[in-house]
Every structure is written in C-alpha cells, then in structure tokens.
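Q: Please take a close look at one strand of this model. I would like to know where it sits, what it pairs with and what its side chains touch.

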Amino acid sequence: MRRLSIFAAAVLALLSSSTFAQSDHSRNAETVQLQVTQDKDFKIKVKDGRVVERDKSKPVRRALEEQYAKIAEAQRNKDIDAMRALRTPDFTVDTANGEKWDLETSLNYSRAGFQQVQSNIRISNTIESLDVHGDVAVAVVHQQWSRMQAKRGKLRRVDTEAIQTETWVNTKDGWKLKHIGNVKPGAWYVDGKRIDPSKPYDPDAPEYRPQ
C-alpha cells in the first residue's frame, strides 16, 4: 500500500504540473480521472486534485480470511473431512524439500500430525499480500502454529512458522484452496530451543543457529 501511495503522489504531482498551465475555465469544466492498472488489486483515481485509492481485493480478502478461520477450526478439531471440503479435488503441494503431494497425501500428513498433537495453543494464517484475477486469488500467507505435541517419546511445546504462497479458486461452493507452494520455513522451536526444520528432531542436538 505504501508503494502505491508513493506512486499516487507522484502521479498527482505530474498531473498538477500539466494542468497548471490550463485556464481556470478548463480546470473547472473538466473532471480529471486517472486509472492505474499496474496493480489490478488497486485503482487510483485523481479527481478535482484529490487522489483516491480503492482496494478491490477487500471482498476476496474477507472471504479468504473466513476460509482460513475454518482451516484453523478444522486443525483444532482434527477434522480431516472439514479440511478436505476446503480444498479442490486436484489440490497439490510443492513442499519445502522438493516433493509434490496430491490431496490425499497432504491429508494423510495432517492426519499423522493430528495423532501427535495433544492440544493447540495458537493457530494463525495471516495474509501478507493478495493478488486477485477474477476467480483466482494468490495469497502470500504467514502461517504460525503453536501446540503441545509428542516428539521423541515426550510431550513438548512446538512452535513453527512458514511463509508460503497459496492459490485459491472461486467455485460454485465458494473459495477453495488449490495449491500451496514456495514454502519458506521460518524459525521453529521445540521447548524453547530453535531447531533445524530440514532435519529430524534430535533433543540432544545443539540449538540451531542459521548463518
């Protein structure tokens, strides 16, 4: 939004300099409008010397936030059927380690994880950016999950996070998740000690300190 505001200000300055030489009559008689299509989620208009920015993605953002709330609820309830209902039949995941999963593989992974989780502390999916093109929406999402989970024979607190790109499609049954990719794991902790998310958990390993 800050990038767009700066761009809008520059447009207004340019427009002001070009219209300054016009007569008062022409300025009053004409309404100057400028639409910027560089970012399809935003529309910038300049009218009577006033810049107006409108976020066209807001209705879609609200709809996706509702879907993410359902995903969190499904995680808390360990409800695989609810998770399936929020995804398309051709759903795929490109994992951080280079594997490609289909719908059933991803649900089996969640099912196995649910068996290890005793309780959830916090689940959040924050939309960092959103690009909407008709019935397709691409969201960059900051995912955070804190829970009490069995690891290496002991119940431990696990805190994980990742930034990932999620593609949604608008179907007759509402917005459904079609693809997850570009997964970038953030800081992962077990019992307060940072671990390497690319390696199997070892409680005796030294704390992970990335370069």
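A: Start with Gln 149, which has its place in strand β6. The model is a predicted one. Gln 149 has a relative accessibility of 7%. The cut-off for buried is under 20%, so Gln 149 counts as buried.

What does Gln 149 touch, leaving out residues up to four places away in sequence? Its contacts are Gln 116, Val 117, Lys 154, Leu 155, Arg 156 and Val 158. With Gln 116 there is also a polar contact, side chain to side chain, at 3.0 Å. Asn 120 lies 29 residues from Gln 149 along the chain, and their C-alpha atoms are 8.7 Å apart.

Ser 146 belongs to β6 too. Its relative accessible area is 11%, and Ser 146 is buried. Its side chain makes a polar contact with the side chain of Asp 159, at 2.5 Å. Neighbours within four places in sequence aside, Ser 146 is in contact with Asn 120, Ile 121, Arg 122, Arg 157, Val 158 and Asp 159.

Now the pairing. β6 covers residues 136-151, and β5 covers 117-133. The two strands pair in the antiparallel sense over 14 bridges. Asn 120 has Arg 147 of β6 as its bridge partner. A hairpin links β5 and β6, with 2 residues between them. Gly 134 sits in that turn and has a positive phi of about 65°.

β6 also pairs with β7, which is residues 154-171. This pairing is antiparallel as well, over 16 bridges. Two of its positions can be named. Ala 137 has Trp 168 of β7 as its bridge partner. Ala 139 stands opposite Glu 166 of β7. β6 and β7 form a hairpin with 2 residues between them. Here the turn holds Arg 152, whose phi is positive at about 50°.

Follow the sheet onward from β7. β7 and β8 are antiparallel, paired over 9 bridges. Trp 168 stands opposite Leu 177 of β8. The link from β7 to β8 is a hairpin through 2 residues. β7 is also joined to β9, residues 188-190, by 2 bridges, and these strands run antiparallel. There, Val 158 has Val 190 of β9 as its bridge partner. Recall that Val 158 is among the contacts of Ser 146. Val 158 is also one of the residues that Gln 149 touches.

A point about strands helps in reading the side chains. In a regular strand, side chains alternate between the two faces of the sheet.

Next, the nonpolar core. The largest one has 24 residues. Val 60, Leu 64, Tyr 68, Leu 130, Ala 137 and Trp 168 touch the most other members. At least two residues of this core come from each of α3, α4, β3, α5, β5, β6 and β8. The largest share is that of α3, with 5 residues. Ala 137 and Trp 168, both named in this core, are bridge partners.

Val 60 shows how α3 meets the strands. Residues up to four places away in sequence aside, Val 60 touches Leu 130, Val 132, Ala 137 and Trp 175.

What about the helix itself? α3 runs from 58 to 77. At 1.5 Å a residue, its 20 residues should span 28 Å, and its end C-alpha atoms are 29 Å apart, which agrees. Val 60, Leu 64, Gln 67, Tyr 68, Ile 71, Ala 72, Ala 74 and Gln 75 are buried in α3. Seen down the axis of α3, the buried residues fall within an arc of 155°, so they line one face of the helix. The spacing fits a general rule. An α-helix has 3.6 residues a turn, so residues three or four places apart point the same way. The buried residues of α3 pack against α4, α5, β5, β6, β7 and β8. After α3 comes Lys 78, with a positive phi near 55°.

Last, the wider setting. The chain has 5 helices and 10 strands. Of its 211 residues, 35% are buried. Among contacts with a separation of 6 or more, 50% are between residues 24 or more positions apart.

To return to the strand you asked about: β6 pairs with β5 and with β7. It supplies at least two residues of the largest nonpolar core. Its Gln 149 and Ser 146 are both buried.

Methods:
Residues are numbered from 1 along each chain as its sequence is written. This is a predicted model: local features need pLDDT of at least 70, side-chain atom pairs count only at pLDDT 80 or more; totals for chains, interfaces and linings use all residues. Side-chain values use heavy atoms; hydrogens and water are left out. A nonpolar core is a set of buried Ala, Val, Leu, Ile, Met, Phe, Trp, Tyr and Cys residues joined through side-chain atoms within 4.5 Å. Buried means under 20% relative accessible area, exposed over 50%, partly exposed in between (1.4 Å probe, protein chains only). Helices (H or I, at least four residues) and strands (E, at least two) are DSSP runs, numbered from the N terminus. Contact means heavy atoms within 4.5 Å. Two strands pair if DSSP finds at least two bridges between them. The expected span of a helix is 1.5 Å times one less than its number of residues. The arc is that of the directions from the helix axis to the C-beta atoms. A polar contact is a pair of N or O atoms within 3.5 Å; within protein, one must be able to donate a hydrogen and the other to accept it, and residues adjacent in sequence count only if both atoms are side-chain atoms.
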